Amino acid sequence: MGTKAQTLGMPLPGTSLKIVDANQTEVATGMLGRLWVAGPQVMLGYIGEESPCYCVNNITWLDTGLMGSLDDGGFLRLDAVSNNPVEQQNNDEDEKGSES
């Protein structure tokens, strides 16, 4: 537990984070990749949409669509959004609105 400047902090108890590459393989500490989250508070997705979750070793991981890294203390840094479906939908709606 604790705080660290320029990070989002550490996950709450019962929450797990991991950073994975394009092959869904966990990357080394400090490396940039996609943020996956697991825990009892993580939803399985939206009704009628493809689930952004993956089951690995009986743990359901949510692919957040966020890019980030974990340092050696377990503190999370975010870098960018990568193929986030909600963000993409909002961008598409903004573009449609500006065309009118």
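**Exercise 1.** Asn57, at a relative accessible area of 71%, is exposed; state where Asn57 is placed and what its phi is.

Solution. The model is predicted: local features require pLDDT of at least 70 and side-chain atom pairs require pLDDT 80 or more, while totals for chains, interfaces and linings use all residues. Residues are numbered from 1 along each chain as its sequence is written, and side-chain values use heavy atoms, with hydrogens and water left out.

- Step 1. Exposed means over 50% relative accessible area, buried under 20%, and partly exposed in between, with a 1.4 Å probe and protein chains only. Asn57 is therefore exposed at 71%.
- Step 2. Asn57 sits in the loop between strand 3 and strand 4. Strands are DSSP runs of E with at least two residues, helices are runs of H or I with at least four, and both are numbered from the N terminus.
- Step 3. Phi of Asn57 is positive, near 55 degrees, in a residue other than glycine.
- Step 4. The loop belongs to a hairpin of strand 3 and strand 4, with two residues between the strands.
- Step 5. Gln6 is another non-glycine residue with positive phi, at about 65 degrees. Gln6 lies in the segment before strand 1 and is exposed at 75% relative accessibility.

**Exercise 2.** Describe the order of secondary structure in the protein chain and the pairing of strand 3 with strand 4.

Solution.

- Step 1. One helix and five strands make up the secondary structure of the protein chain.
- Step 2. Along the sequence the pattern is β-β-β-β-β-α.
- Step 3. Strand 3 (residues 53–56) and strand 4 run antiparallel and are joined by four bridges. Strands count as paired if DSSP finds at least two bridges between them.
- Step 4. Cys53 has Leu62 of strand 4 as its bridge partner.

**Exercise 3.** Which residues form the largest nonpolar core, and which strands each supply at least two of them?

Solution.

- Step 1. A nonpolar core is a set of buried Ala, Val, Leu, Ile, Met, Phe, Trp, Tyr and Cys residues joined through side-chain atoms within 4.5 Å.
- Step 2. The largest such core has nine residues: Leu17, Ile19, Leu35, Val37, Val42, Cys53, Leu62, Leu70 and Leu76.
- Step 3. At least two core residues come from each of strand 1 (16–20), strand 2 (33–38) and strand 4 (59–70).
- Step 4. Contact means heavy atoms within 4.5 Å. Beyond residues up to four places away in sequence, Leu76 touches Thr7, Leu8, Gly9, Leu17, Ile19, Leu35, Ser69 and Leu70.
- Step 5. Ser69 lies in strand 4 and is buried at 13% relative accessible area. Apart from neighbours within four places in sequence, the contacts of Ser69 include Ile19, Gly30, Met31 and Leu32.
- Step 6. In general, nonpolar side chains in soluble globular proteins tend to be buried together.

**Exercise 4.** Why is there no bond between the sulfur atoms of Cys53 and Cys55?

Solution.

- Step 1. A disulfide is a pair of cysteine sulfur atoms within 2.5 Å.
- Step 2. The sulfur of Cys53 has its closest cysteine sulfur in Cys55, 9.7 Å away, so the two are too far apart for a bond.
- Step 3. The whole structure contains zero disulfides.
- Step 4. Cys53 is buried at 15% relative accessible area, whereas Cys55 is exposed at 57%.

**Exercise 5.** Classify the aromatic pair of Trp36 and Tyr54 and locate both residues.

Solution.

- Step 1. Rings of Phe, Tyr and Trp (its six-membered ring) pair if their centres lie within 6.5 Å; planes under 30 degrees apart are stacked, over 60 edge-to-face, and the rest tilted.
- Step 2. The structure holds one aromatic pair. The ring centres of Trp36 and Tyr54 are 4.9 Å apart and the planes are at 5 degrees, so the pair is stacked.
- Step 3. Trp36 is in strand 2 and Tyr54 in strand 3, so the pair ties together parts 18 residues apart in sequence.
- Step 4. Trp36 is buried at 2% relative accessibility, while Tyr54 is partly exposed at 31%.
- Step 5. Arg34, also found in strand 2, is buried at 18% relative accessibility. The C-alpha atoms of Arg34 and Lys18 are 8.2 Å apart, with 16 residues separating them along the chain.
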